[in-house]
Amino acid sequence: MIRLQQVSKIYSLGKVLVRALDGVTLTIGPGEFVALVGPSGCGKSTLLNLMAGIDRPTSGEVWLERERLDCLSDDSLTRLRRSRVGIVYQFFNLLPTLTARENVALPLLLDGVQYGEVERRVAQGLQRVGLAHRAEHWPHELSGGEQQRVAIARAIVAEPRVILADEPTGNLDSVAGSAVLDLLEELHQDHGQTIVLATHSREAVRRAGRIIPLCDGRIEGLEGS
Ligand SMILES: Nc1ncnc2c1ncn2[C@@H]1O[C@H](COP(=O)(O)OP(=O)(O)O)[C@@H](O)[C@H]1O
Ligand SMILES: [Mg+2]
């Protein structure tokens, strides 16, 4: 499903080079639930951004299903992000001037899905995360946990095979965090979606089928082979 081959990512800050990833090789199979763990700054977000096609590697290959992302044009990457991967962030990233329903609808509208179909899928998505009754609310009227569930609805409406989540419980209390993890686990079980989670949460790690430990931009031990 996802394959990285000798991937490195180097950021340059003026004259200083930061090696965020250093020769990472890993394969994640369809339907896996994987936790990426490691100290802050070890390269988790960078790795997820490469898998999502948000960023490009300095060297190495990034494959999603049968496509080699590091070779795609920016337009193709944008299309791929709208339909093939769902992305969930620590700070939810909902647009404050759109309601919950509109936030969830946005990626479908941008992707040219017919309006009736958009309505149907958005209703289904909000239902799925237990927030049908909050459809017309603004983000600031929702709790953190609710905002993250709206963000998950937004990530799943295009029915992507892969969900990438960057510390999705990092900004939530433990009850709201558990609810978010329940939801991700359900999606994984019910639809066989592949889930890659960067996390510090012990609870999240416990639920994952495999743990990939990162340290200083490298995978530690024998994992990931
Ligand atoms: N856009 C950027 N420009 C420069 N350095 C960056 C950038 N993004 C990340 N880094 C650096 O790359 C390393 C890995 O960062 P990141 O992937 O965000 O780690 P994590 O998500 O595990 O905390 C860190 O040293 C960070 O400072
Ligand atoms: Mg990070």
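Below are worked exercises on a predicted model.

Residues count from 1 along each chain as its sequence is written, while chains are lettered from A and ligands numbered from 1 in the order in which they are written. In this predicted model, local features need pLDDT of at least 70 and side-chain atom pairs count only at pLDDT 80 or more, whereas totals for chains, interfaces and linings use all residues.

Helices (H or I, at least four residues) and strands (E, at least two) are DSSP runs, numbered from the N terminus.

**Exercise 1. The four-strand sheet**

Task: Give the order of the four strands in the open sheet, then trace the bridges of β1.

Solution.
- Step 1. Strands pair if DSSP finds at least two bridges between them.
- Step 2. The order is β2-β1-β4-β5, with antiparallel pairing. The edges are β2 and β5 (67-68), each pairing on one side only.
- Step 3. β1 runs antiparallel to β2, joined by nine bridges. Within this pair, Y11 has V18 in β2 as its bridge partner.
- Step 4. Two residues lie between the strands of the β1 and β2 hairpin, where G14 takes a positive phi near 60°.
- Step 5. β1 also pairs with β4 (residues 59-64), antiparallel, over five bridges. L4 stands opposite V62 in β4. I2 stands opposite L64 in β4.

**Exercise 2. The shell around ligand 1**

Task: List the residues around ligand 1 and assign them to elements and classes.

Solution.
- Step 1. Apply the cut-off: a residue is near a molecule or strand if its C-beta atom, placed from the backbone, lies within 6 Å of it.
- Step 2. The shell consists of Y11, L13, V18, A20, G38, S40, G41, C42, G43, K44, S45 and T46.
- Step 3. β1 (2-13), β2 (16-28) and α1 (44-51) are the elements that give two or more residues. α1 gives the largest share, three residues.
- Step 4. Sort by class. Ala, Val, Leu, Ile, Met, Phe, Trp, Tyr, Cys and Pro count as nonpolar; Asp, Glu, Lys and Arg as charged; the others, Gly among them, as polar. The shell then has five nonpolar, six polar and one charged residues.

**Exercise 3. The six-strand sheet and α1**

Task: Order the strands of the six-strand open sheet and place α1 on them.

Solution.
- Step 1. The order reads β6-β7-β8-β3-β9-β10, and the pairing is mixed.
- Step 2. β6 (85-88) and β10 (218-219) are the edge strands, each pairing on one side only.
- Step 3. β9 (residues 210-215) and β10 run antiparallel, joined by two bridges. C215 stands opposite R218 in β10.
- Step 4. α1 lies across β3 (33-37), β7 (162-166), β8 (194-198) and β9. Its direction is at about 150° to β8.

**Exercise 4. Two packings of α3**

Task: Describe how α3 packs on α5 and on α4.

Solution.
- Step 1. Two packed helices are described by the angle between their axes and the distance between the axes. Axes are lines fitted to C-alpha atoms, for helices over the stretch in contact, and angles run from 0 to 180 degrees between N-to-C directions.
- Step 2. α3 (residues 100-110) and α5 (residues 144-156) have axes that come within 8 Å and cross at roughly 25°. The two helices are therefore roughly parallel. Angles under 35 degrees count as roughly parallel, over 145 as roughly antiparallel, 65 to 115 as roughly perpendicular and the rest as oblique.
- Step 3. α3 passes α5 in a right-handed crossing. A crossing is right-handed if the near helix is turned clockwise from the far one by less than a right angle, and left-handed if anticlockwise.
- Step 4. Contact means C-beta atoms, placed from the backbone, within 7 Å. A100, N103, V104 and P107 in α3 meet V150, A153 and R154 in α5. These residues divide into five nonpolar, one polar and one charged.
- Step 5. The axes of α3 and α4 (residues 115-128) come within 9 Å and cross at roughly 130°. That makes α3 oblique to α4. The crossing is right-handed.

Notes:
Two residues are in contact if their C-beta atoms, placed from the backbone, lie within 7 Å.
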